[in-house]
Amino acid sequence: MLAWKLPDGQLRQVEEGSCLLSLALSMQDKFKSPIVEGVFNGEAVDLQKPLYTDGTVDFIEVNTAEGMRTYTRTLLFMLLAACYKLYPDVDLEVRNTLGSALYCLDKSSIKLTPENIKAIEAYMKQMAAAKEPITLKRFAKSDAIGKTSRLRTPDSDALLEELPDDATLTVYYLQDMPGYFFGAMCPHAGYVPNFELLPYDDGVIINYPDTGDWTHLPPFVDQPRLNAAYQEAEEWSAMLQCNTIGKLNNYIGMGYADRVIQVAEALHEKKLAGIADMIAARKNELKLILIAGPSSSGKTSTAQRLSIQMAVNGLRPMPISMDDYYLNRVDTPRKADGSYDFECLEAIDLELFNEHLQKLLAGEKIKLPKYNFRTGCREYRGSELQMTDNSVLVVEGIHGLNEKLTASIPAANKMKLYVSALTPMSFDAYNRIHTTDVRLLRRIVRDSQFRSHDAEATLALWKDVREGEEKYIFPFQCSADVIFNTTLIYELAVLKKYAVPLLEAVQPQAGRAYLTARRLLNMLYYVKQIDDTAIPNNSILREFVGGSIFKDAL
């Protein structure tokens with residue numbers, strides 16, 4: 001018999017090989033939303049996975065970021081199973097998210113019609129209504145490869161090669177359809193009743209609830225520019241035959257890592273040069289560049305590299321830090337818990353900021369403020385700024401896309417640039433890599449390198465960071481004039497070297513931070529590591545791993 005400690009502190013004796021599903025069902029009334037995943041000794045586990053040791057038990061409900069991943073993963077499996085049942089010749093590939101929706105590309109020559117998509121949706125609804133079981137089976141690696149042949153691809157085979165021969169793999173079944181997925185599934189289709197399928201571009205959108213409200217299905221809001229940026233990255237990486245971790249591993253194994261780095265960096269340089277050309281073409285009217293993006297998207301390095309490209313075109317970029325326009329700390333708005341809300345727009349002295357912009361654009365000289373983060377006060381240290389005929393202001397900050405920030409400046413005089421790491425990389429056709437995970441790994445490494453924060457501290461703050469992004473950045477990303485994708489197809493292979501020891505240092509008592517650390521470690525396990533000596537010193541990745549030529553600006 002095994003001894004399990006439950007979330008309420010009680011001890012429960014269970015037989016070896018038991019799973020958490022029956023416990024989850026018995027304790028469901030203590031949770032606000034359905035339990036979709038278990039936590040055993042700090043690590044996320046499928047509710048149906050057999051367990052063979054003593055341990056502590058907790059649960060993940062759907063109204064959480066982790067729970068919604070399980071929700072959408074289950075929806076994807078349902079889509080694949082329904083599609084195979086109704087239209088077996090259709091070949092879907094998971095691409096990217098657009099808000100609370102997941103885009104899947106139809107790669108087949110016989111494209112799904114809107115009528116086909118409605119039929120698939122109806123079949124999935126039937127699955128949900130019937131609570132169609134999703135069963136879990138465990139197989140030795142060699143057996144699992146044969147069991148999942150229907151969904152196997154060369155990319156998934158390359159990933160399985162990274163696992164030891166004696167590994168045991170989890171295979172899921174839904175109506176006799178096998179699936180190999182990186183993460184837990186709901187026990188049956190009835191756990192995911194809220195969704196819709198929509199025709200989109202060359203494929204289909206799965207629209208699902210926002211995190212935190214699984215009962216409400218928001219209307220799908222199209223983001224064509226964002227999707228175009230994703231698809232451009234996908235097509236470019238596919239053209240290089242390096243759009244999956246399996247393909248990247250093959251390049252690394254063959255000794256071509258330096259070449260991959262050089263090509264990826266050249267693309268960034270080309271894109272930034274193109275943006276600088278756009279600015280130069282409008283130099284008579286364009287005087288303000290606003291750069292915004294979520295955490296660890298590489299905004300600072302982007303601003304520096306863009307400024308260099310602008311100088312090549314004969315322009316004189318003049319940086320202004322939005323942070324220097326913070327209100328004095330005593331005047332900063334507070335959150336409901338009484339703490340200062342430094343991320344809200346009202347923490348910025350909008351009146352002074354716009355006054356300075358207007359004076360600069362009128363050719364007047366201003367005295368630049370400098371915010372002292374130690375004292376919490378704005379200071380003036382003698383710095384002055386005045387524009388010339390070829391000057392362009394470059395402002396980087398969280399609120400750059402919010403029109404309220406620069407309401408006094410006509411649209412013709414400013415360009416809004418949205419910066420984010422929109423990764424085209426995936427594990428295989430059905431297991432994608434979340435952009436937020438790439439940014440989180442970047443931040444963990446950067447915080448350790450430059451801010452003396454360990455991974456646990458960074459992980460503990462990530463929830464608040466994400467909430468700030470959802471409130472102050474993502475609602476405005478569609479208003480950007482230009483999107484610059486800072487992802488690098490090789491970066492996970494470099495970040496692994498730095499991130500793995502940091503993540504391994506996170507202990508089980510860290511709670512949810514430990515759970516996330518273990519998930520990220522499991523993800524990095526499949527990635528071959530490469531040396532970072534070939535990365536140029538102006539690379540965006542240098543902002544996180546060190547060695548950046550722009551270190552004084554970081």
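**Helix and sheet packing**

Reader: At what angle to β6 does α6 run as it lies across β6, β7 and β11?

Author: Helix α6 lies across β6, β7 and β11 (contact: heavy atoms within 4.5 Å). This is a predicted model, in which local features need pLDDT of at least 70 and side-chain atom pairs pLDDT 80 or more, while totals for chains, interfaces and linings use all residues. Residues are numbered from 1 along each chain, and side-chain values use heavy atoms, without hydrogens or water. Helices (H or I, at least four residues) and strands (E, at least two) are DSSP runs numbered from the N terminus, and between N-to-C directions (0 to 180 degrees, axes fitted to C-alpha atoms) α6 makes with β6 about 125°.

Reader: What is the order of the 4 strands in the open sheet?

Author: The pairing (at least two DSSP bridges between strands) is antiparallel. The edge strands, β6 (92-97) and β11 (196-200), each pair on one side only. Between β7 and β12 there are 5 bridges, and Tyr103 has Ile205 as its bridge partner in β12. The order is β6-β7-β12-β11.

Reader: How far apart are the end C-alpha atoms of α6?

Author: Helix α6 covers residues 224-239, which is 16 residues. The expected span is 1.5 Å times one less than the number of residues, so α6 should span 22 Å. The model agrees, with the end C-alpha atoms apart by 22 Å.

Reader: How many residues of the contact of α13 with α14 are nonpolar?

Author: Helices α13 (491-504) and α14 (512-525) pack at about 145°, their axes 10 Å apart. In α13, Leu492 and Lys496 are among the residues meeting α14. The contact includes 2 charged residues and no polar ones, and the nonpolar residues number 10.

Technical notes. Ala, Val, Leu, Ile, Met, Phe, Trp, Tyr, Cys and Pro count as nonpolar, Asp, Glu, Lys and Arg as charged, and the others, Gly among them, as polar.
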